[in-house]
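Got your viewer open? Take a look around first, and then we'll walk through some stops together.

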Amino acid sequence: MRLLVLLVLLFTVETFSQEIPSRWDELTASDWPRALEKSNRTIILPIGILEKHGPHAPMGSDLIRIRNLAKMAAEKEYAVIFPDYFYGQVNEAKHIQGTFSLPVNLTLELLQATCDEIARNGFEKIFIINGHGGNPQLLRYFVQTQMEKKRDYAVFFHTPEHNEVAREKIAEMRKSDPANDQHGGEAETSVLLHMRPDLVQLERAKNESGKNLDRLGELPNVYTAIWWYGSYPLHYAGEGGVATKELGKVITDDNVRSIVEALRAVKADTTTLKLQNQYFEEVERVSN
Ligand SMILES: [Zn+2]
């Protein structure tokens, strides 16, 4: 009998200490309850895009970067990771083949339906991280629209920020003008060289110019959508050719640090949903 108890105990310990995958698509149904528990019902939704990244980096650069960051973060702080999601705002790149841009309303609806469906599967915290420069406005608006009606989950949007040490290191290592180092530029290409060197055709980076053409001219304190095309008609901003995998590692490691910090806080958080519920009780009270 004592042996049986010991065996049962050992088996239980074994089952619960077992590593389980982070990726939703790699989990088994029998792993699901454990994944919900281990993640504290938290899921990472890494959002990328498909678009040209200079003449040298892959269409899925933003998706590849953000998914790798999610994977590295989840290795340090467990959370489930949603499969490939590349439906965002990229209306400014439709003049170049390889861009996948869905209609505006569908983009918002798809994201909401995705979050609803994620929550139906037991998650209460959806932690969005984004890899694409054209998405933050859309994502902030999306997060704000969560206040439209009561939901049994909360959406969080984390933007990684470099700490002082990383900022200094990056400034030391960077060879190109930081002001113009954006889309397919030195920093982004460096990260890809670090993560997926097999996908970068570095020798092609200088075949096109990523210079700011500034064709729109000065419109003081005015925002208008064609600004990006005015500046970067080739959808390339910066100098990808000077990228190094060493710079890529510094940027990546510090991004992971930032994501893990935020993810830990979100996993431990119990206030957001409580306040959300309280808010909607008040809304209901005044609406009747
Ligand atoms: Zn990019």
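Here is a tour of this predicted model, one selection at a time.

**Stop 1: the metal site**

Start by selecting the zinc ion. Which residues coordinate the zinc ion? You should find His53 through its NE2 atom, Asp62 through OD and Glu188 through OE, at 1.9 to 2.1 Å. Along the chain, these donors follow the spacing H-x8-D-x125-E. Now colour two helices: α3, which covers residues 61-76 and holds aspartate 62, and α7, which covers residues 186-195 and holds glutamate 188. Those two residues are 126 apart in sequence, so the pair ties together parts of the chain that are distant in sequence. Is aspartate 62 buried or exposed? Aspartate 62 is buried, and glutamate 188 is buried too.

**Stop 2: a salt bridge across the chain**

Next, select lysine 52 and glutamate 208. They form a salt bridge, with their closest N and O atoms 2.8 Å apart. Lysine 52 sits in the loop between β1 (42-47) and α3, while glutamate 208 is in the loop between α7 and α8. That makes them 156 residues apart, so here the bridge links distant parts of the chain. Lysine 52 has a relative accessibility of 10% and therefore counts as buried, since the cut-off for buried is under 20%. Glutamate 208, at 28%, is partly exposed.

**Stop 3: more charged pairs**

How many salt bridges are there? The count comes to 19. Try arginine 196 with aspartate 198, whose side chains meet at 2.8 Å, N to O. Arginine 196 is partly exposed, with a relative accessible area of 31%. Then pick lysine 245 and glutamate 246, where the closest N and O atoms are 3.4 Å apart. Glutamate 246 is partly exposed as well, at 43%. To finish this stop, show Arg23, Asp25 and Glu26 together: salt bridges with shared partners join them into one network.

**Stop 4: the nonpolar cores**

Time to go inside. The largest nonpolar core has 27 residues, and the ones touching the most other members are Ile44, Leu69, Phe127, Ile129, Ile170, Ile251 and Ile259. Colour the elements that give two or more residues to this core: α3, β3 (125-130), β4 (154-158), α6 (164-173), α7 and α9 (245-268). Which element gives the most? That's α9, with nine residues.

Zoom in on isoleucine 129. Leaving aside neighbours within four places in sequence, isoleucine 129 is in contact with Ile44, Leu45, Pro46, Ile47, Ile66, Ala70, His158 and Ile259. There is also a second, separate core of 24 residues, and Ile20, Val80, Phe82 and Ile126 are among them.

**Stop 5: phenylalanine 157**

Now select phenylalanine 157, which you'll find in strand β4. What does phenylalanine 157 touch? Not counting residues up to four places away in sequence, the list is Ile128, Asn130, Pro136, Leu139, Arg140 and Val143. For a distance to try in your viewer, go from phenylalanine 157 to glutamine 97, C-alpha to C-alpha: they are 29 Å apart in space and 60 residues apart in sequence.

**Stop 6: a patch on the surface**

Last, switch on the surface and select Leu216, Leu219, Val222, Tyr223, Ile226, Trp227 and Tyr229. These residues make a nonpolar surface patch of about 690 Å². One of them, valine 222, is found in the loop between α7 and α8 (227-231).

Terms used:
Residues are numbered from 1 along each chain as its sequence is written. This is a predicted model: local features need pLDDT of at least 70, side-chain atom pairs count only at pLDDT 80 or more; totals for chains, interfaces and linings use all residues. Side-chain values use heavy atoms; hydrogens and water are left out. Donors are N, O and S atoms within 2.8 Å of the metal (3.2 Å for Na, K and Ca); water is not among the atoms, so sites may look incomplete. Helices (H or I, at least four residues) and strands (E, at least two) are DSSP runs, numbered from the N terminus. Buried means under 20% relative accessible area, exposed over 50%, partly exposed in between (1.4 Å probe, protein chains only). Patches are made of residues with over 30% relative accessible area and no salt bridge: like charges are joined within 9 Å, nonpolar side chains (Val, Leu, Ile, Met, Phe, Trp, Tyr) within 5 Å. Accessible areas come from the Shrake-Rupley method with a 1.4 Å probe; for residues, only the protein chains shown count as cover. A salt bridge is a side-chain nitrogen of Lys or Arg within 4 Å of a carboxyl oxygen of Asp or Glu. A nonpolar core is a set of buried Ala, Val, Leu, Ile, Met, Phe, Trp, Tyr and Cys residues joined through side-chain atoms within 4.5 Å. Contact means heavy atoms within 4.5 Å.
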